[in-house]
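Me: I would like to learn how to read helices, ring pairs and charged contacts from a set of coordinates. Could you take me through them in turn?

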Amino acid sequence: MLDLNKQKIVDSVPQKGFFGHPKGLFTLFFTEFWERFSYYGMKAILVYYMYYEVTKGGLGIPETTAFAITSIYGSLVYMSGIIGGWLADRIFGTSKAVFYGGIFIMLGHIVLAVPGSISMFFVSMVLIVIGTGLLKPNVSSIVGDIYSQQDNRRDAGFSIFYMGINLGGFLSPLIVGEIGMNTSFHLGFGLAAIGMFIGLLVFMFTKKKNLGLAGTIVANPLSATEKKKVYTIIGIGIVVIAIILAITIPAGILTFDTFAIVVGILGFLIPAIYITVMYRSPKTTSDERSRLIAYIPLFLASVMFWAIQEQGSTILAGYADKRTQLDFAGMHLSPTLFQSLNPLFIIVFAPIIGWLWVKLGNRQPSIPKKFSIGLLFAGLSFLVILLPAYFGGEGSLVNPLWLVLSYFIVVIGELCLSPVGLSATTKLAPAAFSAQTMSLWFLSNAAAQGLNAQIVKFYSEKTEMMYFGIIGGCSIVLAIVLFLLSPAIQNKMKGIK
């Protein structure tokens, strides 16, 4: 029945209309464009808002703590995707999840836009975490729904969709970052809220015509009996959590450091449990079980990659602010400008990498080998950034071109791993867990940032070379191991290429 529903979804959507792709890709492209404009605009100024002094409009939080909070926040954003995926698969479908998520994100940015206390800051973070968990994995799942499994435009469609993500990510630091840093942090957050509002309008007014049934059918709905049981468990869970917080916070048991450790553990524990549940489910076929086994090393490789890439908004953001020569070529550069480099390079080079895969055809690297190439470049990006300290010494201001080069190298790795990972996840997903498996993909980022919350505390100008060298070296070693294991992993994918 599930396969028939998916076929009806595909058949109900016009097959051409947006650069030779289904019209639904237009809706999803611009919804995600504005959501990413909102998210990355906020994130471009978030760490500075935290560690800048109160007299400069910030919160005055210590720099290392600000890095850790940003990592924990990023981890929770992606971790919440597993809940958003479950709600979509079992209760209200991916389309409603996207809409509800956009509302929560917009409200979170509105709270940030109002000058307030640290307490209000954390309220906004909770709202954005919930909203992104609902929207992010489910909008990607709908992209998979508008193509049949045999449609050879599927990977190209994800590449176009990925371009929307990065167009939003490129423009927002330039606009939100410039206004947030030079005028008011809160005005910058207000612009982020407006961006999400526009994304909601695009989705609301074009989804019926362009998406048809895509995102409206609940993949694995709860029965009436299951609903009663689940709602009871959720209610009890909320009460238990509230009691635990009420006891542990005043007693000094639940501190920021212990919470960071808990988030880091959950980042790996939740995906492990989830893979086990999907693997043991009677709704998962033997071929799907084999594909889940193949997915595990890809997941771990993704964790290593994102642990490096996501430090662009923490360690490298601080590096841009305090270690980089910002008066360059007769201009004064804003540190938020560097946050636009990653999406800019993706916009420029994604078509080239995509063309290369098409040109190679059947000779292109397998999915695991593409992941290993991505890890190799991620490691090299950290080895490059340690060179300025080696040549110029500790404490000297660094030529900004070193930072540009580091961002460029990690982007090449991202183009080999991220769009490929999105597409591979929709292919390897068990049919009964389609949206939730996409959430699992985003959990690799959650695990990475949970890990980062622990390791960013070891960074300082004195430990800079060791910090970048060890992390970069680990990524390169893992890339080699994954490359050697690629044939065995590919064999486990059971016909998925």
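Reply: What follows goes through this predicted model feature by feature, with helices taken up at the start.

Me: What should the 28 residues of helix α5 span, and how far apart are its end C-alpha atoms?

Reply: An α-helix has 3.6 residues a turn, so residues three or four places apart point the same way. For α5, which covers residues 118-145, a rise of 1.5 Å a residue gives an expected span of 40 Å, and the end C-alpha atoms are 41 Å apart, which agrees. The helix nevertheless has a kink of about 30 degrees, centred on T132. As for its surroundings, 21 of the 28 residues of α5 are buried, so that the helix is mostly covered.

Me: Where does α15 bend, and by about how many degrees?

Reply: The bend in α15 is at E414 and amounts to about 40 degrees. The 29 residues of this helix, 400-428, should span 42 Å, and the distance of 41 Å between the end C-alpha atoms agrees with that. Because 24 of the 29 residues are buried, α15 is largely enclosed by the rest of the structure. At its start, the backbone nitrogen of L401 has a side-chain oxygen of N399 within 2.9 Å.

Me: How is the pair of rings formed by W34 and F37 to be described?

Reply: A pair of aromatic rings is described by the distance of the centres and the angle of the planes. The count here comes to 27 aromatic pairs. In the pair of W34 and F37, the centres are 5.4 Å apart and the planes stand at 65 degrees, so the arrangement is edge-to-face, a class that requires an angle over 60 degrees. Both residues belong to helix α2, residues 24-51, and because they are three residues apart, about one helical turn separates them. W34 is partly exposed, with a relative accessible area of 21%, whereas F37 is buried, at 8%; the cut-off for buried is under 20%.

Me: Which residues form one aromatic cluster, and which charged end sits over the ring of W357?

Reply: One cluster is made up of Y48, Y49, Y51, Y52, F67, F121, F122, F185 and F189. Y52, a member of that cluster, also has K56 lying over its face, at 5.7 Å from the ring centre. Over the ring of W357 sits the charged end of K370, 4.4 Å from the centre.

Me: How many salt bridges does the structure hold, and which parts does the pair of K43 and E310 tie together?

Reply: Side chains of opposite charge can pair when their charged atoms come close. The structure holds six salt bridges. In one of them, K43 pairs with E310, with the closest N and O atoms 3.1 Å apart. Since K43 lies in helix α2 and E310 in the loop between α10 and α11, this pair ties together parts that are 267 residues apart in sequence. Both K43 and E310 are buried.

Me: Are E226 and R90 buried or partly exposed?

Reply: E226 is partly exposed, with a relative accessible area of 35%, while R90, at 13%, counts as buried. Their salt bridge has its closest N and O atoms 3.4 Å apart, and it links helix α8, which holds E226, with helix α4, which holds R90, across 136 residues.

Me: What is the N to O distance in the salt bridge of R323 and E464?

Reply: The side chains of R323 and E464 meet at 2.9 Å, N to O. Because R323 lies in the loop between α11 and β1 and E464 in helix α17, the pair ties together parts that are 141 residues apart in sequence. R323 and E464 are both buried.

How values were computed. Residues are numbered from 1 along each chain as its sequence is written. This is a predicted model: local features need pLDDT of at least 70, side-chain atom pairs count only at pLDDT 80 or more; totals for chains, interfaces and linings use all residues. Side-chain values use heavy atoms; hydrogens and water are left out. Helices (H or I, at least four residues) and strands (E, at least two) are DSSP runs, numbered from the N terminus. The expected span of a helix is 1.5 Å times one less than its number of residues. The bend at a residue is the angle between axes fitted to the seven residues ending there and the seven starting there. Buried means under 20% relative accessible area, exposed over 50%, partly exposed in between (1.4 Å probe, protein chains only). Rings of Phe, Tyr and Trp (its six-membered ring) pair if their centres lie within 6.5 Å; planes under 30 degrees apart count as stacked, over 60 as edge-to-face and the rest as tilted. A charge sits over a ring if NZ of Lys or CZ of Arg is within 6 Å of the ring centre and within 35 degrees of the ring normal. A salt bridge is a side-chain nitrogen of Lys or Arg within 4 Å of a carboxyl oxygen of Asp or Glu. A polar contact is a pair of N or O atoms within 3.5 Å; within protein, one must be able to donate a hydrogen and the other to accept it, and residues adjacent in sequence count only if both atoms are side-chain atoms.
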